[in-house]
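User: Please take a close look at a single part of this model and then set it within the whole chain. A connected account would be preferred.

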Amino acid sequence: TQDWAIENVEVVTYRDGTPIPQVTNQTEWDNLTTGAWCYYNNDETKGKLYNWYAVMGIHDAIETTPNKEFAPEGWHVPSDAEWTTLEDQLIAYGYNYDGTITGNKIAQAMASIGWSASTVTGSPGNYQSANNGSGFNAFPEGFRPNGFFSGEGYYAYFWSSTEYFSNAVWFRSLYMSWFDVFKSYYAMDNGFSVRFVRDASTASTANG
């Protein structure tokens with residue numbers, strides 16, 4: 001029943017039109033506790049990365065201020081559980097690179113073309129003409145750890161909306177030489193890509 005966007009988020013305002021600040025400076029980014037976005041390497045030809053504060057609509061430093069909505073009407077940022085549902089469905093329907101229905105080997109099916117080369121069978125960087133069987137189209141935008149930029153061509157990182165503990169959040173990542181989709185947690189001030197999922201009631205209507 002899930003309906004996922006097939007492109008990364010590119011918004012520069014919250015749902016109500018309030019601007020999300022673009023922050024280019026490394027030190028400023030690393031010290032943020034409110035929402036911000038940037039282009040990878042501050043290059044406007046690259047994709048947009050967001051800290052988790054933006055994803056959660058934390059637009060000012062006043063704790064009593066209600067958070068804003070990051071996603072447009074009818075969409076939301078997927079929870080950790082929704083990511084797991086997507087992964088389980090792809091595995092169950094044979095999207096593992098070897099056609100099996102057990103184990104997480106779905107990275108190639110979720111990856112776009114354009115990855116750095118790898119010799120690992122089933123990874124996004126290996127035999128890329130076989131990539132993207134699922135249509136998810138994960139592109140290796142890289143990420144922004146500690147205010148720096150890293151991993152273009154090698155990594156795709158995606159936020160979930162689910163906190164692990166007070167300063168860390170669950171995410172998913174693909175790497176050029178991994179055949180699995182990796183799950184872990186990272187600090188909220190990192191810059192990752194984001195995907196939207198259609199709200200359940202909207203998805204049901206869209207699917208008839």
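Analyst: Leaving aside residues up to four places away in sequence, Tyr164 touches Val169, Trp170 and Tyr185. The model is a predicted one, and the contacts of Tyr164 are to be read as features of that prediction. Tyr164 itself lies in strand E4. Strand E4 covers residues 155-165, and strand E5 covers residues 168-175. Two of the contact partners of Tyr164, Val169 and Trp170, carry numbers that fall within the range of E5.

As to its exposure, Tyr164 has a relative accessible area of 38%. Buried would require a value under 20% and exposed a value over 50%, so Tyr164 is classed as partly exposed. A position elsewhere in the chain gives a sense of distance: His59 is separated from Tyr164 by 105 residues in sequence, and their C-alpha atoms are 21 Å apart in space.

The strand that holds Tyr164 also takes part in the interior. The largest nonpolar core has 24 residues, and those with the most contacts inside it are Tyr50, Val55, Phe70, Trp159, Val194 and Phe196. Strand E4 is among the elements that give two or more residues to this core, together with strand E1 (37-39), helix H2 (52-55) and strand E5. Helix H2 supplies the largest share, 4 residues. Apart from this core there is a second, separate one of 19 residues, which includes Trp83, Leu86, Ala138 and Met176. In soluble globular proteins, nonpolar side chains tend to be buried together.

The wider fold gives these parts their setting. The protein chain contains 5 helices and 7 strands, arranged along the sequence as α-β-β-α-β-α-α-β-β-β-β-α. Of the contacts between residues at least 6 apart in sequence, 58% join residues at least 24 apart. Buried residues account for 46% of the 208 residues.

In overall dimensions, the radius of gyration of the protein chain is 17 Å, which agrees with the value near 17 Å for a compact globule of 208 residues. Along the principal axes, the C-alpha atoms fill a box of roughly 50 × 40 × 30 Å.

At the surface, the accessible area of the protein chain is about 9,800 Å², and carbon and sulfur atoms provide 50% of it. The protein chain has 10 positive and 23 negative charges, and the mean positions of these two sets are 3 Å apart.

Methods:
Residues are numbered from 1 along each chain as its sequence is written. This is a predicted model: local features need pLDDT of at least 70, side-chain atom pairs count only at pLDDT 80 or more; totals for chains, interfaces and linings use all residues. Side-chain values use heavy atoms; hydrogens and water are left out. The radius of gyration is taken over C-alpha atoms; the globule rule is 2.2 Å times the number of residues to the power 0.38. Buried means under 20% relative accessible area, exposed over 50%, partly exposed in between (1.4 Å probe, protein chains only). Contact means heavy atoms within 4.5 Å. Accessible areas come from the Shrake-Rupley method with a 1.4 Å probe; for residues, only the protein chains shown count as cover. Lys and Arg count as positive and Asp and Glu as negative; His and the chain ends are not counted. The place of a charge is taken as NZ of Lys, CZ of Arg, CG of Asp or CD of Glu. A nonpolar core is a set of buried Ala, Val, Leu, Ile, Met, Phe, Trp, Tyr and Cys residues joined through side-chain atoms within 4.5 Å.
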